[in-house]
Amino acid sequence: MPSPTPNLRRSLMKNWFAVEAIPIYVIIGGVMVGATWYMARLATGPTVVWTKSNPTPWNTIKPDEGTKIMSVNQKFEKSWSRDKL
């Protein structure tokens, strides 16, 4: 009795390496590259803290420090800035 492996291999190669499947591979590859780029962009954003030296940076803000980029009708003596990423 012959083994079904050669027929299975031939069928698999015919379906996975068909010319019609190339656009699907290109689209999926582009989506994966875009998703990786976007996740890396989000992970290095200004609201993400990766250090463990100060796990709660919101506790170091003093009452006279402003944390917003633009404050309307509020005057603070100094502005808070994050020291480490």
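The following exchange introduces a predicted model through questions and answers.

Biologist: How many helices and strands does the secondary structure of the protein comprise?

Modeller: Residues are numbered from 1 along each chain as its sequence is written. This is a predicted model in which local features need pLDDT of at least 70, side-chain atom pairs count only at pLDDT 80 or more, and totals for chains, interfaces and linings use all residues. Helices (H or I, at least four residues) and strands (E, at least two) are DSSP runs, numbered from the N terminus. The elements run α-α-β-β from that terminus, and the count is 2 helices and 2 strands.

Biologist: In which element is confidence highest?

Modeller: The predictor's confidence in each residue is given by pLDDT, from 0 to 100. Its mean for the protein is 76, and 72% of the residues reach 70 or more. Confidence is lowest in strand E2 (residues 78-79), at a mean of 66, and highest, at 94, in H2.

Biologist: Which element gives the most residues to the nonpolar surface patch?

Modeller: The patch covers about 900 Å² and includes Leu12, Trp16, Tyr25 and Met32. Two elements give two or more residues to this patch, helix H1 (5-16) and helix H2 (22-43). With 4 residues, the element that gives the most is H2.

Biologist: Why does tyrosine 25 count as partly exposed?

Modeller: Tyrosine 25 is found in helix H2. Buried means under 20% relative accessible area and exposed over 50%, with partly exposed in between (1.4 Å probe, protein chains only). Tyrosine 25 counts as partly exposed because its relative accessibility is 39%.

Biologist: How far apart are the end C-alpha atoms of residues 21-40?

Modeller: UniProt, in an unreviewed entry, places the feature "transmembrane region" at these residues, 21-40; such annotations may be inferred rather than shown by experiment. In the model the span is 95% helix and 0% strand, and its end C-alpha atoms are separated by 29 Å.

Definitions and conventions. Heavy atoms only, no water. Patch = residues over 30% accessible without salt bridge, like charges linked within 9 Å, V, L, I, M, F, W, Y side chains within 5 Å. Areas by Shrake-Rupley, 256 points an atom, 1.4 Å probe, with all protein chains shown as cover. Salt bridge = Lys/Arg side-chain N within 4 Å of Asp/Glu carboxyl O.
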